[in-house]
Amino acid sequence: MSSGCLWDGTFSPGEFQVAALNLIDKWAMCCSTLQPWSWEPCPKLPWGASHDAKGYLSLEDVPVQISKEQHCLAEGENELEEGNGPTDPATLVQSIDNEPHLYTFHIVYNSSYRVPVLLFRGHSIDGKPLEWEDIEKDFSSYTHQLLKESKWTFLTQEEHPYLNQPWYSLHPCGTSEWMGFLFSCKRSSNSSARLFEQILAQSEKSPEQERDNGKIFQLVENTTMGVNNFSRSTIEASTYCNTLRRDIVNQYLISWLSAVGQVVGLRIPFEMAKFCS
């Protein structure tokens, strides 16, 4: 983290593991009735080589109900194109509701972008892998609109970095930029954080400007925002930046997943929002 505790939206493999374990813990606390996330160790590489990250997150067999509106619309369009009359929607929805698709989600660390990547694939109840056309039908109208309009979001198919199988993924090219923006907004809305960063900016001045620092530390002594008991000797730039970094790491995957999960129908329970404040 650079001067002034600025952050570029990336994190290290070790921080990814810390964030992953925190997500597992918080998910279990808030979502005991849902499928749990698990930490999967990376397979060993030949010749003693190792991956940058020691593992990845896995969420197995999550049922994703096909959107009734989307499916009926798609089926109706197909029948009209084929010249057939529309199928009874009640019959159609009943058959679909009895057979939800199951999805597996993995969160892996991308060493090139230094950010997480969401991988996913789906299959039917009988284990048959879903084709892209089937997956598209599972997407909500929100997803279709987002994929069409957002410059941050587009889907690709690539080889799983550890399993050597084709998986779909949300490309990570814009992740660091919008995550950095997200957490900068959080800091700017926090009065104490703004005060501390003002202190840090003052502390980095030259010796000739040292006399001006008294004003900002006097502000600390007089403030009523819960930091008036901090003295000049206890406010250290490194301590604050380390604390800020730790908070960002702990919140990173939860905040990130609350955004990218919606794209593929994986919604974060509302109760987890309290861990992102």
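I began with two residues of this predicted model, Tyr103 and Phe105, and found that both are buried. I then looked at how their rings sit towards each other: Tyr103 and Phe105 form a stacked aromatic pair, with 6.2 Å from centre to centre and 20° between the planes. I noted that this angle falls in the stacked class because the planes are under 30 degrees apart.

Next I looked up the aromatic pairs of the model as a whole, and the count came to 14. One of them joins Phe11 and Tyr109, whose rings lie 6.0 Å apart centre to centre with 50° between the planes, a tilted arrangement. I placed Phe11 in the segment before helix H1 (13-30) and Tyr109 in strand S3 (residues 101-110), so this pair ties together parts that are 98 residues apart in sequence. I checked accessibility as well, and both Phe11 and Tyr109 are buried.

I followed Phe11 and Tyr109 further and found them in one aromatic cluster, together with Phe16, Trp39, Phe183 and Tyr252.

My last entry concerns enclosed space. I found one cavity of 30 Å³ or more, and the largest cavity holds about 30 Å³ of space. Tyr103, which I had already met in the stacked pair with Phe105, turned up again in the lining of the largest cavity, alongside Val64, Asp138, Phe139, Val264 and Gly265. Sorting that lining by class, I recorded four nonpolar residues, one polar and one charged. I put Asp138 down as the charged residue and Gly265 as the polar one, because Asp counts as charged and Gly as polar.

Note on methods:
Residues numbered from 1 in each chain as written. Predicted model: local features only at pLDDT ≥ 70, side-chain atom pairs only at ≥ 80, totals over all residues. Heavy atoms only, no water. Phe/Tyr/Trp six-rings, centres within 6.5 Å; stacked < 30°, edge-to-face > 60°. Helix = DSSP H or I, 4+ residues; strand = E, 2+ residues; numbered from the N terminus. Buried < 20%, exposed > 50% of the residue type's maximum accessible area, 1.4 Å probe, protein only. 1 Å grid on protein atoms, 1.4 Å probe; cavity = no way out; pocket = protein on both sides within 12 Å on 5 of 7 lines; lining within 4 Å. Points joined across faces, edges and corners; volume = space filled by probe spheres on them.
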